[in-house]
Amino acid sequence: MPTQVNPATGEEGETFPELSDDQIEAKLAKAAAAFRHWRNTEYKTRTDLLTQIANQYEQRRDELAAIITTEMGKPVKQARAEIEKCEKAFRFYAENGPHMLNPIERQLVSGRSVSRWLPQGPVLAVMPWNYPFWQVVRFMAPTIMAGNVGLLKHASSTPGCAAALEQVVLDAGGPEGLFQNMHISSSKVAGIIADERVVAVTITGSEGAGIKVAEAAGHNLKKVVLELGGSDPFIVMPSADVKKAAETAVTARLQNAGQSCICGKRMVVHEDVYDEFMEIFTEGVKTITIGDPADEGTQMGPLSSEGARDDIAEQLEKAIQSGANRIYGGDIPDKPGAWMTPAILTDIPEDAPVAREEFFGPVAMVFKVKDIDEAIDVANDIPFGLGSSAWTTDESEKERFIRDIEAGMTAINQMLASDPYAPFGGVKRSGHGRELGSHGLHEFMNLKNVMLPE
């Protein structure tokens, strides 16, 4: 039964009852009925609704941000930025969705064809707690524009966010069943995927959760988009603006208490600028403002839960036992809540398991490299391939990083971030498929080719 727990204090809030099997069936039936109506709506009807939803996010920014801060400990300034990003995504699809769905005309050897983007039905989303509105919105906005309908199985630790996501759509004038939240346990997911009314599934989460969802989708021959873990490299070369890179690395690693799939988790620094980078980076980590996430001046709050904090602490201890050098942090204060100071690891042995793991929390791993070849080798020596950031002013080095880093995304001389305009997703064990941009709109649509005579 999902219950709100404030990670800053450990205090419990509202409890949300899980759905019974009969209630799940009712929601699936409502989704199917809503799709029969929504699939035939004009684009203007869809874009008008997206605009109204965006207006709701603009008007209720502080209210929605407060739910995020209470449920998962995100500093309030970062929570408001998350809500603002959601608003931008709805406006993006409202303004750009129709032309992204334009038919594609072709002249054939004999005759011609027109390919049309058509909706397919209810899509299930299994979503995480770390960006409890944004992760959902980047699925929800294109789903509504496409003419599909959405079903949400959110993280059990953010039930208030889940309920608010559905209510905002209804308050904006969305029809019943267009987007429904489902308070259910993970054990119910496979059965919903198997239901013939559900046409596809998308998940943002851990590698293990992704495997289970992909297995269920594959068994039922249904499309799946996987946005899973990452241990992104943050590479700094001698030609870079080292001060800017090091200062940005602090934010890249510690934003949202390091609980982001596209955080710069592994700092890969050329030996010629290693000492300069480490001096600035370490000072930045040491002086980051940690405190009450409801305080405007807080830069880093607690982790999302005491369980998540304890997992990171255990992983950190194993790294030290394997030979890594902890030069700072990783302390757990003696007070209620999921608190932990950020940590920095250096001299990580090549054969240490942690070198290829993801730290989903405020722990930075720093690797010293002698040249660009070693930097790329270290960047790629992991099972993940989500994002990356490379800092250099050398044009040939930029091209090498863009071409040779095994990742779905690379940022040059900046921190990687998601944006409604651009495709988002990874390769290797970070998953497959894309969210956002036109690619995210098309993922769960039927590109139907129509053959026509001359």
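**Figure 1. Buried residues and overall dimensions of the protein.** Buried residues make up 56% of the 454 residues in this protein, which is shown here as a predicted model. The chain is folded into 14 helices and 20 strands, and its C-alpha trace spans about 65 × 60 × 40 Å along the principal axes. A compact globule of 454 residues would be expected to have a radius of gyration near 22 Å, and because the protein has 23 Å, the value agrees with that expectation. Of the contacts between residues at least 6 apart in sequence, 72% join residues that are at least 24 apart.

**Figure 2. The surface and the charges of the protein.** The accessible surface comes to about 18,600 Å², and carbon and sulfur atoms account for 49% of this area. The protein carries 44 positive and 65 negative charges, and the mean position of the positive charges is 6 Å from the mean position of the negative ones.

**Figure 3. The surroundings of asparagine 256.** Asparagine 256 is found in the loop that runs between helix α9 (242-254) and strand β11 (264-270). Its relative accessibility is 2%, and because a residue under 20% is classed as buried, asparagine 256 counts as buried. The side chain of asparagine 256 makes a polar contact of 2.8 Å with the side chain of lysine 74. When neighbours within four places in sequence are left aside, asparagine 256 is in contact with Met72, Lys74, Gln78, Asn130 and Tyr131, so that lysine 74 appears both in this list and in the polar contact.

**Figure 4. Valine 76 and its partners from another part of the chain.** Valine 76 lies in helix α4, which comprises residues 76-100. With a relative accessibility of 11%, valine 76 counts as buried. Although valine 76 and alanine 294 are 218 residues apart along the chain, their C-alpha atoms are separated by 5.3 Å. Apart from neighbours within four places in sequence, the residues in contact with valine 76 are Thr69, Pro293, Ala294, Asp295 and Glu296.

**Figure 5. Two residues with a positive phi, aspartate 347 and lysine 428.** Most residues other than glycine have a negative phi. Aspartate 347, which is not a glycine, nevertheless has a positive phi of about 50°, and this residue is found in the loop between strand β13 (343-346) and strand β14 (363-369). Aspartate 347 is exposed, because its relative accessible area is 54% and the class of exposed residues begins over 50%. Lysine 428 also is not a glycine, and its phi is positive at about 55°. Lysine 428 is found in strand β18, which is made up of residues 427-428, and with a relative accessible area of 35% this lysine is partly exposed.

**Figure 6. Lysine 286 in helix α10, viewed together with tyrosine 328.** Lysine 286 is found in helix α10, which comprises residues 274-287. The relative accessible area of lysine 286 is 43%, and the residue is therefore described as partly exposed, a class that lies between the cut-offs of 20% and 50%. Lysine 286 and tyrosine 328 are 42 residues apart in sequence, and the distance between them in space, taken from C-alpha to C-alpha, is 8.0 Å.

Methods: Residues numbered from 1 in each chain as written. Predicted model: local features only at pLDDT ≥ 70, side-chain atom pairs only at ≥ 80, totals over all residues. Heavy atoms only, no water. Helix = DSSP H or I, 4+ residues; strand = E, 2+ residues; numbered from the N terminus. Rg over C-alpha atoms; globule rule 2.2 N^0.38 Å. Buried < 20%, exposed > 50% of the residue type's maximum accessible area, 1.4 Å probe, protein only. Contact = heavy atoms within 4.5 Å. Areas by Shrake-Rupley, 256 points an atom, 1.4 Å probe, with all protein chains shown as cover. Lys, Arg positive; Asp, Glu negative; His and termini not counted. Charge placed at Lys NZ, Arg CZ, Asp CG, Glu CD. Polar contact = N/O pair within 3.5 Å; in protein donor to acceptor, adjacent residues only side chain to side chain.
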